[in-house]
Amino acid sequence: MSVKQHQVIIIGAGAAGLMCALTAGYRGRDVLLLDNAKQLGRKILISGGGRCNFTNQNIEPGAYLCSNPHFVKSALARFSQWDFIAMVERHGIDYHEKTLGQLFCDDSAKDIVDMLTTECDWAGVKIQLRTEILSVAATDGGYSLQTSEGEYRCKSLVIATGGLSMPKLGATPFGFRIAEQFAIKVLPTTAGLVPFTLQPEDKARFEGLSGISLPVIAKAECGRQFREAMLFTHRGLSGPAVLQISSYWQPGQSVLFDLLPDLDFVDWCKTITAESPKLSLKNGLSRLLPKRLVERLQELGELPNKNFNQLSKADVAALDSYFHCWQIQPGGTEGYRTAEVTLGGVDTDELSSKTMEAKRHPGLYFIGEVVDVSGWLGGYNFQWAWSSGYAAGEVV
Ligand SMILES: Cc1cc2nc3c(=O)[nH]c(=O)nc-3n(C[C@H](O)[C@H](O)[C@H](O)COP(=O)(O)OP(=O)(O)OC[C@H]3O[C@@H](n4cnc5c(N)ncnc54)[C@H](O)[C@@H]3O)c2cc1C
């Protein structure tokens, strides 16, 4: 079989790879986009409950976890959320803000995949799916790839194969292996934006509460906190507050939840005691919290079985601290099976923040989730994929 030559080869036709391909294509580069899957952009298709939370109006570097917090600045500034929104609008895709600046398609995530494939088509990108990459090697002035479809050569090779989350959707450690092959440091990887599992004792305590959701402030030991909803599940705790805080949690640490974030509990008790002294604590609390949760906490002996007029000052103080500092030590997380992102990855010290090129390997680029950059929940991860893909697409 003859060797096929392209100026640019991108491995991984996900969010970052598609953006990089169309950007380079519009610059007149001859681009081949390879993927081992049958379908491109699979994570985009299932993201945001099928509506793709494609970016966030409030993108800022502080919303990214990375061993070098400055690394993301350049790429995010050069292709911002407003640039991506402009592309979405040019394609006539209707969208809306759900909450906290999070932008979702009105109809379907497929609109985003269709937009990116249309742009790739207009930019003259060649897309080839179902292609296994067997090996990669450096050549004089470029790279060669042995694949299930023969040998390919290119001047610029872009690795856009994503992280380890959701192996069912085709996630592979390919990008990390290539980095290691070229002696590029890969920082330890772990699941992020992932539900917590509970220790057996807590699991038994909260059995039966699955499906209950309430607004909380979740605080990690490092001091980071998120005000969003928490959800009890069959396995443990989930919901946006928990997914967010999971990225800042280390095994063995506790998480504090403020279960009544906006309430001056002592004042509230005074008011209720004055208005309805004989009201039971359980019925009073059920005005603020899901009834099933209050009942369970009382069954567990964590709430006194008293009326408001029977509560001592010490009772009120203890309840105040209980609800504002509800502490859980998670048993672990659900891991890559359900995680939205992979924390860690290709060390940003090894890459140019302007171009994503490996400092010690000219012509080799890493973009998207394979890099040690992970965003908060809410469109931040796709924006990193678009921005880093664009940064490399401008120079490959
Ligand atoms: C369930 C779920 C929902 C999510 N929802 C959102 C959301 O709403 N908003 C948001 O911002 N982020 C969301 N994310 C995160 C977001 O999907 C990722 O951060 C983003 O897709 C990363 O883009 P990427 O291009 O780096 O990797 P990916 O999109 O994962 O693309 C990687 C591509 O590489 C290909 N590939 C992998 N290994 C190989 C190999 N060995 N050979 C060839 N090709 C390979 C894969 O087939 C895939 O096409 C979600 C993630 C999950 C799991």
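Helices (H or I, at least four residues) and strands (E, at least two) are taken here as DSSP runs, numbered from the N terminus. The model is a predicted one, in which local features need pLDDT of at least 70 and side-chain atom pairs count only at pLDDT 80 or more, while totals for chains, interfaces and linings use all residues. Residues are numbered from 1 along each chain as its sequence is written, and side-chain values use heavy atoms, with hydrogens and water left out.

Over residues 7–394 the chain is 31% helix and 25% strand, and the C-alpha atoms at the two ends are 13 Å apart.

We can turn next to the ligand. Among the 31 residues around the ligand (a heavy atom within 4 Å), those that come nearest are A16, D35, T172, E369 and F382. Three of these names return in polar contacts, that is, pairs of N or O atoms within 3.5 Å. The side chain of D35 places an N or O atom 2.5 Å from a ligand oxygen. A polar backbone atom of A16 is 2.8 Å from an oxygen atom of the ligand, and a backbone N or O atom of E369 lies 2.8 Å from a ligand oxygen. On its own the ligand has 1000 Å² of accessible area (Shrake-Rupley method, 1.4 Å probe), and the protein covers 93% of this.

Helix 1 (15–26), helix 2 (42–46) and helix 13 (380–393) each supply at least two residues of the shell, with helix 13 giving the largest share, four residues.Elsewhere, helix 11 (residues 291–299) has L293, V294, R296, L297 and Q298 buried (under 20% relative accessible area, 1.4 Å probe, protein chains only). Just after helix 11, G301 takes a positive phi of about 80 degrees.

Methods:
Buried means under 20% relative accessible area, exposed over 50%, partly exposed in between (1.4 Å probe, protein chains only). A polar contact is a pair of N or O atoms within 3.5 Å; within protein, one must be able to donate a hydrogen and the other to accept it, and residues adjacent in sequence count only if both atoms are side-chain atoms.
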